[in-house]
Each structure stands twice: as structure tokens, then as C-alpha cells.
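Visitor: Could you take me through one helix pairing up close, and then show me how it sits beside the other packing in this model? I'd like the angles, the contacts and the residue classes.

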Amino acid sequence: MDKIIIFDTTLRDGEQAPGASLNKDEKVEIARALDRLGVDVIEAGFPVSSAGDFEAVKSVAQAVKGASICALARAIKKDIDAACEALKKAKHPRIHIFLATSKIHMQYKLKKAESEILRLAVESVKYGSKFVEDIEFSPEDASRTEPEFLFRVIEAVIEAGAKTVNIPDTVGYSEPEEYGNLIAAIKNNVSNIDKAIISVHCHNDLGLAVANSLSAVKNGARQIECTINGIGERAGNASLEEVVMGIRTRPDIFKDIVSNIDTREICKISRLVSKLTGFVVAPNKAIVGGNAFRHEAGIHQDGVLKKRLTYEIIKPEDVGFYETGLVLGKHSGRHAFKQRLESLGLKLTGKQLEKAFKYFKGLADKKKHIFDEDLLAIVEDEVMVTAQIWQLDDLVISSGIKIKPKAQVCLKRRDKIFKAESSGDGPVDACYKAIDKITGIKGKLLDYSIQSITAGKDAQGEVSIKIKVKDRVVSARAASTDIIEASAKAYINAINKISLKTRHNEPKVYF
Ligand code: KIV
Ligand code: ZN
């Protein structure tokens, strides 16, 4: 078989998406999930860009021993030194050095001539190779680089020791045939190309990142750089789930090409990344969207019932997507509850299970039918939340069209109850102001959205928010049948994240 290397950059390029900042613990949690998913390389960050990124790369390198851990660096000694230092504990370290090679970048951004760029590229790869064997080099904006110069740079960095050469379509400008031809041209014009893996890194500005990546694979690329849910700078990167399933679903086209990915983990990690970044996945998103496997039209439903293959090209369970079914209710016991969670791929410790069961019983009192999505929300929003410094104890709201909304909030901290009251523009605003009074932390609400988890008037509403406190931005979410309660809990989850002293949000130096 012919292996395709899956290089995940959710924690680096993905985290560059505006507003997607992740703290160190969240990065480690995602890195562990990526390792379980079976990615070959995890790009954990850009250590020189901030102290928070440095610490996060260091922690990921310590925590994950399966996948290679990669750190980004410009073609500058201090960047490479920082990357080496952060990767010290990695079992399989990789340094990813990049330097722009297109005329527009060289002339306006770097103000350097071709000869200077070539020299810096070679020197940086040689310098990095002294510390780490596994060096990847990216000629940034490769797809807009003069081909002859691109070939020369690639040949020189391979000669200098680069084991992987990455061809970024940095601004998402390429078109699939053109990009595939570029990969084929590299294979035909770079004399030592057999000594390195050709990698691709496509951005989605024209919605072509996945198509371009697949076209590159057809032309000889054997590493794809991608992110979970396709998050990333501007319109994002090629989505991991789409490239992996694209190759797997069409063995007739991608003959004998296989990845290491355990596709059954895909939906789980998609939800985790969505939860931690606060980026809601669109219902129509390929592979992981809520509607990706739902058939609405009668003709389609009829076809699927007669023969699944009529309208389904992927088995939902192959990507860990479980059809909503009526699963549990008020009278379901612990055993059925545990079994259902396990069939959803959720293995909890005894303590977590107890906590989840308590929430489940509380929810079953308010809501007759408990669906899989409700169970997932209980586990993800209530059980797996970061340290609960503050907890919602009680909430009384008075609101109406002709009265000023008011909220009385009781929060619990280490068994002590704190109370506050406030009015506001609406019940959520009043509630948030009362919480601010108690915690003394004033969060600026940057984003607020609400989605119903399942169908039905008694469905739980899941609130996703993003707040800013001083220069720090965090995302959080929570669900409840009462949307004001869900709003309050999401806000408290965000405040709890802020209260944990993490330093991930200092301004970063991008390139
Ligand atoms: O898009 C890009 O060019 C990058 C490089 C750092 C590889 O992200
Ligand atoms: Zn990129």
C-alpha cells in the first residue's frame, strides 16, 4: 500500500483563525484526541510567536508520544532555537521552517532578492538539521512562485537536509488542475525529489482547498496538511475529515493509497474542536455537519430504506456519526445509560459517570425523550468542562415586554453561596451583569449563538459564547432546556476558563 501522511495543523494554522484561541490545556486535549485519531504529525504551534505558544508546544511534546510533534519557525536562528527548545521532550520532533519565495512576498514583504532567499533557506535547513533530523521546509506562497525559482529552492533545501518539502497554496489562489500540474512539474524538474516527501498545504479562499489537495495526491504528493473542521487563517485550510474520506471513499481513483486515520473518531474530534474553539460546525458541512447523513426528501428516504447505497456513499458509523434515535427516558437505569454512552464512544471514569447520570436524571425530569445529542451535550458541556471554580446554584429571572428585565443569581464557590441582582437590556444581559458582580470579572461578550440540540419544543438549547476579559478571549458553551440557564452556564464556563491562570492570549507575532 502507498501511505499518505496526515499532517494536522489545527493547533497552529487552525488556531490562527480569528477568534479561535486555545489555551495550553485545550491544546493538549486536542493533541491527545488527534493522536487517538491516528494523525502522523501534529503541528502544535509556533513557539517563538508567544510565551503561551511556546509552553503549549512544550506540553504537547510531553503529552503525546505516538504522532510526530512539529513546531513552526521562520528561517531565522532564534525561531529555530525556540522550536528546538519547545520540542526537547518530543519523542519524534519535527521543525517546520518556512520562507516566502513568490516575487510579491520577496519584493514587498521581505525586501530580499532571490539569491538572498536561496541562501537563507539553505542555511536555516542546515542549522535546524544540527538539532533535529526531521526537517520540513515550506516555500511560502509556492503556488504563486516562479516555477524555475521554486524548483531551485526545493532542490537546494533537500540537498541541505530537508526530509519534507511542503508546497503551500498560501492564499488559496490555485485551481485543482493547475495545482496538480505544479506537483507533477516538481517531480519532473527537481533532480533529488526522490529524497523527500512532497507535502501540500492548501487554503480555502476559493473553496478549493480539499480539491487542490486531492489533485496534488493524484500527482504524487504524499503528505497532506489539514485541520479538523477545516478551520484556519481566513477561510481556513483543507479539512482533515474531507481529504481523508475523499481518499478512502474513492479507492478506484486513489489506488492503494491509505492513511492511518481511525475514521470512527472523526465526529468526536470535530465536536471537541468546535467546542473548544467556539466555532459551530455548519449543518451542511461535509462529513461532520449535523445534516451530512440525514435524508429529507421522501424519494431519498424511500431509496435508503430499500438500499442504503442509493443515496449514501459513506456509512455514518464509519465516521462515528450516530443517527438520532429515541434512546433513554426518565425510567432508564444506570446500566442502560452507561451502555448508550459507550456505544457513542464515550468512556467515562466512575466519578464522571456518576456526575453525568445525575445530570441525565435532572434532564429527564424536564424532557421526556433523551436523544443521543442530549447525552453528548451532558458529557461535553457538563462533565468534561474545565475546573468548575464557580457553579450556578440558582437563577430567578423576571422579564417581559413592559418590564425591565431583572436577574437574581446565586453562584457556588467551594460550598459558599454568593448572591447578586441586576437589571439589563434583556434577561441574558441582566444575568451576565449579576454574574459579573459576584465574580468581579467583567467579560465583554464578543459572540453569542444558540442552537437547538434536537427537534421538539422541549429540546435543549445549546448556547455558544465568546468573551473577552482584558486582552484574553475564551469560548465556552452549555446546554439546557431553559435557554437563560444555558446562557448563564456558558458564561460561567467562560469565566472559569479565564480564572484558571493560563497565559495563552498574549499578542502573537505572526509572519
Ligand atoms: O499557508 C502557509 O503558507 C503557511 C506556511 C507557514 C506553511 O501556513
Ligand atoms: Zn497556512
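Guide: Helix 1 and helix 10 run roughly antiparallel to each other, because their axes meet at about 170° and anything over 145 degrees counts as roughly antiparallel. Keep in mind that this is a predicted model. Helix 1 covers residues 24–37, helix 10 covers residues 266–277, and the two axes are 10 Å apart. As for handedness, the crossing of helix 1 and helix 10 is left-handed. On the helix 1 side, the contact uses Glu-26, Glu-29, Ile-30, Ala-33, Leu-34 and Leu-37. Helix 10 answers with Ile-266, Ile-269, Leu-272, Val-273 and Leu-276. Sort those residues by class and you get nine nonpolar, two charged and no polar ones.

Now put helix 5 (residues 114–129) and helix 6 (residues 147–160) next to that. Their axes come within 8 Å and cross at roughly 25°, so helix 5 and helix 6 are roughly parallel to each other. This crossing is right-handed. From helix 5, Glu-114, Ile-117, Leu-118, Ala-121, Val-122, Val-125, Lys-126 and Ser-129 take part. Their partners in helix 6 are Phe-149, Arg-152, Val-153, Ala-156, Val-157 and Ala-160. The class split for helix 5 with helix 6 is 10 nonpolar, one polar and three charged.

Further along the chain, helix 15 (residues 427–439) packs on helix 16 (residues 483–499) at an angle of about 35°, with the axes 10 Å apart. Here, too, the crossing is right-handed. Helix 15 brings Pro-427, Val-428, Cys-431, Tyr-432, Ile-435, Asp-436 and Thr-439 to the contact. Helix 16 brings Ile-484, Ser-487, Ala-488, Tyr-491, Ile-492 and Ile-495. By class, that makes 10 nonpolar, two polar and one charged.

Away from the helix pairs, have a look at ligand 1. Among the residues around ligand 1 are three histidines, His-96, His-201 and His-203, together with Asp-13, Glu-140 and Asn-166. Phe-98, Ser-138 and Pro-168 are also on that list. Some side chains there pair with oxygen atoms of the ligand: a polar side-chain atom of Arg-12 lies 2.9 Å from one, and for His-203 the distance is 3.0 Å. Thr-170 has a side-chain N or O atom 2.6 Å from an oxygen atom of ligand 1.

How values were computed
Residues numbered from 1 in each chain as written. Chains lettered and ligands numbered in written order. Predicted model: local features only at pLDDT ≥ 70, side-chain atom pairs only at ≥ 80, totals over all residues. Heavy atoms only, no water. Axes fitted to C-alpha atoms, helices over the stretch in contact; angles between N-to-C directions. Helix = DSSP H or I, 4+ residues; strand = E, 2+ residues; numbered from the N terminus. Parallel < 35°, antiparallel > 145°, perpendicular 65-115°, else oblique. Left-handed = near helix turned anticlockwise from the far one by under 90°. Contact = heavy atoms within 4.5 Å. Nonpolar A, V, L, I, M, F, W, Y, C, P; charged D, E, K, R; others polar. Near = heavy atom within 4 Å. Polar contact = N/O pair within 3.5 Å; in protein donor to acceptor, adjacent residues only side chain to side chain.
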